[in-house]
Amino acid sequence: MAQEDVFKKLVSHCKEYGYVFPSSEIYDGLSAVYDYGQYGVELKNNIKKYWWDSMVLLHGNIVGLDSAIFMHPTIWKASGHVDAFNDPLIDNKDSKKRYRADVLIEEHLAKYEDKINKEIEKAAKRFGDAFDEQQFRETNPRVLENQKKMDQLQERFAKAMNDVNLEELRQIIIDNEIVCPISGTRNWTEVRQFNLMFSTEMGSTAEGASKVFLRPETAQGIFVNFLNVQKTGRMKLPFGIAQIGKAFRNEIVARQFIFRMREFEQMEMQFFVQPGTELDWFAKWKEIRMKWHQSLGFGADNYRFHDHTKLAHYANAATDIEYRFPFGFKEVEGIHSRTDFDLSQHQKYSGKKIQYFDPEMGESYVPYVIETSIGVDRMFLQVISASYTEEILTKEEGSSDSRVVLKLPSVLAPVKLAVLPLVKKDGLPEIAENIVKELRFKFNCQYDDKDSIGRRYRRQDAIGTPYCITIDHQTLEDETVTIRYRDSMEQERVKIGQLTDIIDEKVNISTLLKKL
Ligand code: ATP
């Protein structure tokens, strides 16, 4: 099945099974805003807990924070967001569709990469074990030709972005004959800058309302609380502050479901270090964060780093962790070495000294910062994309010969187990209810006695419940039940008294944290 079709199915699955709904749906929706349903909110909470515990529980030198969404407007002046949090936008005059000029060029660059990868794949098949990828890359004329074009374009693009040269961006689009995907034409407008921050008024107009912004990132809340946390927590460098919270961006083009939203959630951690040590810490955090993603078991091949060639003026290193979504490799998390830019700017604009006294060096300085910044919603999409599976069944289980199953990591699954009496009589429902009463203190459980057992299994597969416990007549005799495993569909007979331990071992977040 084409990847676009898989993606469409996944989006409708999310809606049909209570994971994600379009916002304000009965009013025809609100563009690029979504609501999380009864299972979505559980999955989202589990993702957040996995991130939070991996940061705050596992690191003695990382503490949490929950700062407000509204902040003093000068903060956004100091951070550079008022003047420079812009995207270059361009319209196609025929389709009237709006695009980010930089994204159009990046997509064009990705086409060269695809061409190269296809050549490599073909050659690898042809040469088998004798294939030497590096040698092929260095000698194959088609690969060299595409690589050269890609490098030239990349260089020109990076320069235009660094110089904020909007005319040049347009010229790159024209020169590379980039067309609008809708109209297929090259009838482009000029490129203009568009500020992504939402603003609103605080206070009534009578008392002189002031313009405030909805934060476009949570990081600034951490920077402006640096001294508060450092002093009250008696924190010594290096240390980090972690925060999870909503952020808002008036994205020009918001497509691809929850990948790019106008209201979304971020999990950010700012790690404060001694100047001069930041690049070592940057390398360490790259490794730690990649491990966090890969511990979920979605396959190492589905991740890659994308190191930035265009660095923001305040950064001295930056990379993205990209995941292979059904629509290609895309950013899930950014890791940035932000130097002392943010703290120095707040020092300048607030007039307050924001420094750390280093007892070992015997001097005060503005710390350097490594930031790890991941979108909860993009992480959610990663988990759902990796888990969504359609299977043709060879085994006789229930009536249907195919199933849709969300193979979610058990630790993240919204419902951990379903308890199902085989029939609605002979005391089986009562036993099932008692099991739920016992287990619900530890796990999110569901009781279900409607329809055939096969249909009930399918329902649980579709929402990703890793374990189904079935109560049958043998239970009455020997207090055993069957436990059915979602992915293998295998069943095992166990004592009721063993259930807590068996399930806890599999769904406890500490099993995941121990892998880190
Ligand atoms: P992009 O290039 O995709 O616009 P970005 O580089 O602007 O992303 P950052 O400012 O580094 O993103 O934000 C950190 C993380 O926040 C991103 O890696 C992403 O997971 C998430 N994020 C950013 N913008 C959005 C959005 N509009 N919707 C959902 N998540 C987002």
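In this tour Ala, Val, Leu, Ile, Met, Phe, Trp, Tyr, Cys and Pro count as nonpolar, Asp, Glu, Lys and Arg as charged, and the others, Gly among them, as polar. The model you have open is a predicted one, and with that in mind the tour begins at the ligand.

**Around the ligand**

Select the ligand and display the shell of residues around it, which divides into seven charged, five polar and five nonpolar residues. Of these 17 residues, the ones that come nearest are Glu 251, Arg 260, Met 261, Glu 331 and Val 332, and it is worth labelling them before you go on. If you then colour the strands, you will find that β10 (263–273), β13 (328–339) and β16 (368–375) each supply at least two residues of the shell, while the largest share, five residues, comes from β13.

Which atoms of the protein should you look for beside the oxygen atoms of the ligand? Start with Glu 331, which has a polar side-chain atom 2.6 Å from an oxygen atom of the ligand, and move on to Val 332, where a backbone N or O atom lies 2.7 Å from an oxygen atom of the ligand. Then select Arg 378, whose side chain places a polar atom 3.1 Å from an oxygen atom of the ligand. On its own the ligand has 590 Å² of accessible area, and the protein covers 85% of this.

**Helix α7**

Next, select residues 141–162, which form helix α7. With 22 residues at 1.5 Å a residue, this helix should span 32 Å, and the 31 Å between its end C-alpha atoms agrees with that expectation. Now show the side chains of Val 143, Asn 146, Met 150, Leu 153, Phe 157, Ala 158, Ala 160 and Met 161, which are the buried residues of α7. Because these residues cover an arc of only 155° around the axis, they lie on the same side of the helix. Turn the view to the other side of α7, and you will come to Pro 141, Lys 148, Glu 155 and Lys 159, which are exposed.

**A buried arginine in β22**

From here, go to residues 480–485, the strand β22, and pick out Arg 484 within it. Is Arg 484 buried or exposed? Its relative accessible area is 0%, and since buried means under 20%, Arg 484 is buried. Add Asp 461 to the selection, and you can trace a polar contact of 3.1 Å that joins its side chain to that of Arg 484.

**Backbone details in the loops**

The loop between α16 (473–478) and β22 holds Glu 479, a residue other than glycine with a positive phi, near 55°. Glu 479 is exposed, with a relative accessible area of 55%. For another positive phi, go to Glu 177, where the value is also near 55° in a residue other than glycine; this residue sits in the loop between α8 (166–175) and β6 (192–195). Then move to the loop between α10 (226–232) and β9 (239–248), where Pro 238 is found, and inspect the peptide bond that leads to it from Leu 237, which is cis with omega near -5°.

**A last stop across the model**

To finish, select Gln 474 in helix α16, a partly exposed residue with a relative accessible area of 34%. Select Pro 73 as well and zoom out: the C-alpha atoms of Gln 474 and Pro 73 are 68 Å apart in space, and the two residues are 401 residues apart in sequence.

Definitions and conventions: Residues are numbered from 1 along each chain as its sequence is written. This is a predicted model: local features need pLDDT of at least 70, side-chain atom pairs count only at pLDDT 80 or more; totals for chains, interfaces and linings use all residues. Side-chain values use heavy atoms; hydrogens and water are left out. A residue is near a molecule or strand if one of its heavy atoms lies within 4 Å of it. A polar contact is a pair of N or O atoms within 3.5 Å; within protein, one must be able to donate a hydrogen and the other to accept it, and residues adjacent in sequence count only if both atoms are side-chain atoms. Accessible areas come from the Shrake-Rupley method with a 1.4 Å probe; for residues, only the protein chains shown count as cover. Helices (H or I, at least four residues) and strands (E, at least two) are DSSP runs, numbered from the N terminus. The expected span of a helix is 1.5 Å times one less than its number of residues. Buried means under 20% relative accessible area, exposed over 50%, partly exposed in between (1.4 Å probe, protein chains only). The arc is that of the directions from the helix axis to the C-beta atoms.
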